[in-house]
Amino acid sequence: MAESKAESTDERPGAAADPQVGAQGGVLGGVLVVDDDPVVSEVVAGYLERAGFAVRLAADGPAGLRSAEEHRPDLMVLDLMLPGMDGLEVCRRLRAGEHRGRPVPVIMLTARGDEDDRILGLEVGADDYVTKPFSPRELVLRVRSVLRRAQAGAPEGGPEGGPEGAPRLAVAGLVLDPAARRVHKEGRELALTLREFDLLAFFLRHPGQVCDRERLMREVWGWDFGDLSTVTVHVRRLRGKIEDDPGNPQLIRTVWGAGYRFEAAPDTGARQALRTEDGDA
């Protein structure tokens with residue numbers, strides 16, 4: 001019996017055997033596309049390859065998760081509705097295994113109008129989403145945008161503009177290193193997604209300021225418009241990782257009718273941890 005396509009991954013012709021190596025050879029990065037619709041997969045892969053990406057394909061959830069674990073793509077395009085294991089579970093398991101190392105950015109493909117599905121995708125750790133039907137060109141732009149943020153030491157548009165000259169931030173027991181894209185809380189490293197890291201970096205750079213969701217979407221996501229529930233979900237997830245009591249947040253406070261405010265004076269404990277890391281203690 002022939003092997004089912006849904007149980008296999010497909011390395012595209014011309015794609016590097018290892019996307020990481022391919023990126024060093026002039027390819028922009030390795031992208032894993034997980035979708036059980038062969039037409040969608042082929043069209044998306046074609047546009048991404050023409051844009052300079054190395055592409056791998058997987059046709060079901062288990063195959064996509066195996067490929068991500070074995071080949072470690074620079075980014076995953078993940079359909080929500082998949083045979084064997086849906087996109088939510090794939091993303092959940094991917095994030096659960098990322099306690100060490102940089103997380104793989106995930107762009108979720110969802111059906112238009114399914115707001116609950118989009119929110120669930122963000123809840124389990126997706127960094128962005130695109131609704132079907134979509135323009136392949138739009139998806140390529142989203143991939144480029146997410147990868148730029150993943151590879152940069154600071155969010156796009158941030159005052160430091162990149163790793164060079166971007167000092168570590170020490171606030172309220174948190175130490176954020178923009179260049180390494182790592183965050184520690186009281187000496188313990190936190191596993192943050194791409195967007196969660198950028199959101200926290202923005203808050204730490206603007207303490208005491210009230211920021212509405214439109215501004216956060218513009219500054220952190222780089223979008224002039226979009227579903228504002230994206231911001232709400234990421235704030236909730238970030239609180240769950242940095243607050244002592246997420247149900248009674250003391251760092252990221254909601255200002256009703258106005259937005260959010262990060263309320264934390266520079267913390268001596270965090271600064272001491274930073275000096276210790278630098279070898280100055």
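## Exercises on two sheets and their helices

In this predicted model, β11 and β13 pair in the antiparallel sense, and two bridges link them. The exercises below start from that pair.

**Exercise 1.** Work out in which order the strands of the open sheet of three strands lie, and which are its edge strands.

*Solution.* Begin with the pairing of β11 and β13, in which V210 has R261 of β13 as its bridge partner. Next, turn to β12, which is joined to β13 (residues 259-262) by four bridges, the two strands running antiparallel; within this pair, T254 has Y260 of β13 as its bridge partner. Putting the pairs together gives an open sheet with the order β11-β13-β12 and antiparallel pairing. The edge strands are therefore β11 (210-211) and β12 (252-255), because each of them pairs on one side only, a pairing being counted when there are at least two bridges.

**Exercise 2.** Describe the connection between β12 and β13, and state what is given for the phi of G257.

*Solution.* The two strands form a hairpin, with three residues lying between them. In the turn of this hairpin, G257 has a positive phi of about 80 degrees.

**Exercise 3.** Determine which strands helix α9 touches, whether its length agrees with its number of residues, and how many of its residues are buried.

*Solution.* Helix α9 (residues 229-242) packs on the sheet, where it touches β12 and β13, and its direction makes about 145 degrees with that of β12. For the length, take 1.5 Å a residue: the 14 residues of α9 should span 20 Å, and since its end C-alpha atoms are 20 Å apart, the two values agree. For the covering, 10 of the 14 residues of α9 are buried, so that the helix is mostly covered, where buried stands for under 20% relative accessible area. Among the buried residues are V231, H234, L238 and I242.

**Exercise 4.** Set out the order of the open sheet of four strands, and find how helix α7 lies across strands of both sheets.

*Solution.* The sheet of four strands has the order β7-β8-β9-β10, again with antiparallel pairing, and its edge strands are β7 (169-171) and β10 (188-189). Within this sheet, β8 (residues 174-177) and β9 (residues 182-185) pair over four bridges, and L174 stands opposite K185 in β9. Helix α7 lies across β7, β8 and β9, running at about 110 degrees to β8. Turning to the sheet of three strands, α7 (residues 194-205) also lies across β11, β12 and β13, and there the helix runs at about 65 degrees to β13.

Definitions and conventions. Residues numbered from 1 in each chain as written. Predicted model: local features only at pLDDT ≥ 70, side-chain atom pairs only at ≥ 80, totals over all residues. Heavy atoms only, no water. Contact = heavy atoms within 4.5 Å. Axes fitted to C-alpha atoms, helices over the stretch in contact; angles between N-to-C directions. Expected span 1.5 Å × (residues − 1). Buried < 20%, exposed > 50% of the residue type's maximum accessible area, 1.4 Å probe, protein only.
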